[in-house]
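The following paragraphs offer a guided reading of a structure to a reader who has not met it before. Please keep the sequence and the model in view while reading.

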Amino acid sequence: MNCDIDHLVIGAASLAQGTAWCEATFGVVPGPGGVHPLMGTHNRLLSIGTEAFPNAYLEIIAIDPEAAPPGRASATPIASSVQPSATRRSIATLRDPAWI
C-alpha cells in the first residue's frame, strides 16, 4: 500500500497560544484554517509540503471557545494541552493506478 503524510497535528490550549508557538518555533505564522463544529474545535494551517510530500501541512488545533460543546470526547487530546504538543498525524492512502 502506498501512503503519504497528510498532516501533523499540534494541539494547544488556545489557537492564539498555538499560533504564537508556531511563530516562535518555525518563524512563520500559520495561515487561516477553519472550524470543526462536530468536534468543537478550530484550527490554523501551515503548508509543510516538500517534493516527497507535496500536500503535507501542519495543523494547529484548539478547543473553540465559541463552539457548542460537542457532547462527546474529542479524538484529539487537546483540551488538557498546557503547552502546544504533537497529538497525532494523519496519513492519506494513495490509490494504486493499477487498481483503477
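Which residue just after α1 takes a positive phi? It is Gly 27, with a phi of about 75°. This value, like those that follow, is computed from a predicted model.

The helix itself deserves attention next. Helix α1 comprises twelve residues, from 15 to 26. At 1.5 Å a residue these should span 16 Å, and the end C-alpha atoms are indeed 16 Å apart, so the expected and the computed spans agree.

The sides of this helix may now be considered. The buried residues of α1 are Leu 15, Gly 18, Thr 19 and Cys 22. They cover an arc of only 100° around the axis and therefore lie on the same side of α1. The general background is that an α-helix has 3.6 residues a turn, so residues three or four places apart point the same way. On the other side of α1, Ala 16 and Ala 24 are exposed.

What covers the buried residues of α1? The cover includes two strands, β3 and β4. Strand β3 runs over residues 41–47, while β4 occupies residues 57–63. The two strands pair with each other in the antiparallel sense, over seven bridges. One bridge can be followed by name: Leu 46 has Leu 58, in β4, as its bridge partner. Strand β4 is mostly covered, since five of its seven residues are buried.

Within β3, Thr 41 merits a closer look. Is Thr 41 buried or exposed? Its relative accessible area is 3%; because buried means under 20%, Thr 41 counts as buried. The side chain of Thr 41 also makes a polar contact, at 2.7 Å, with the side chain of His 36.

A last feature concerns aromatic rings. A pair of such rings is described by the distance of the centres and the angle of the planes. The structure holds one aromatic pair. It is formed by Trp 21 and Phe 26, whose ring centres are 5.6 Å apart and whose planes stand at 90°. The pair is edge-to-face, because planes over 60 degrees apart are classed in that way. Both partners are partly exposed: Trp 21 has a relative accessible area of 25%, and Phe 26 has one of 48%. Each value falls between the limits of 20% for buried and 50% for exposed, which is why neither residue is assigned to those classes.

Key:
Residues are numbered from 1 along each chain as its sequence is written. This is a predicted model: local features need pLDDT of at least 70, side-chain atom pairs count only at pLDDT 80 or more; totals for chains, interfaces and linings use all residues. Side-chain values use heavy atoms; hydrogens and water are left out. Rings of Phe, Tyr and Trp (its six-membered ring) pair if their centres lie within 6.5 Å; planes under 30 degrees apart count as stacked, over 60 as edge-to-face and the rest as tilted. Buried means under 20% relative accessible area, exposed over 50%, partly exposed in between (1.4 Å probe, protein chains only). Helices (H or I, at least four residues) and strands (E, at least two) are DSSP runs, numbered from the N terminus. A polar contact is a pair of N or O atoms within 3.5 Å; within protein, one must be able to donate a hydrogen and the other to accept it, and residues adjacent in sequence count only if both atoms are side-chain atoms. The expected span of a helix is 1.5 Å times one less than its number of residues. The arc is that of the directions from the helix axis to the C-beta atoms. Contact means heavy atoms within 4.5 Å. Two strands pair if DSSP finds at least two bridges between them.
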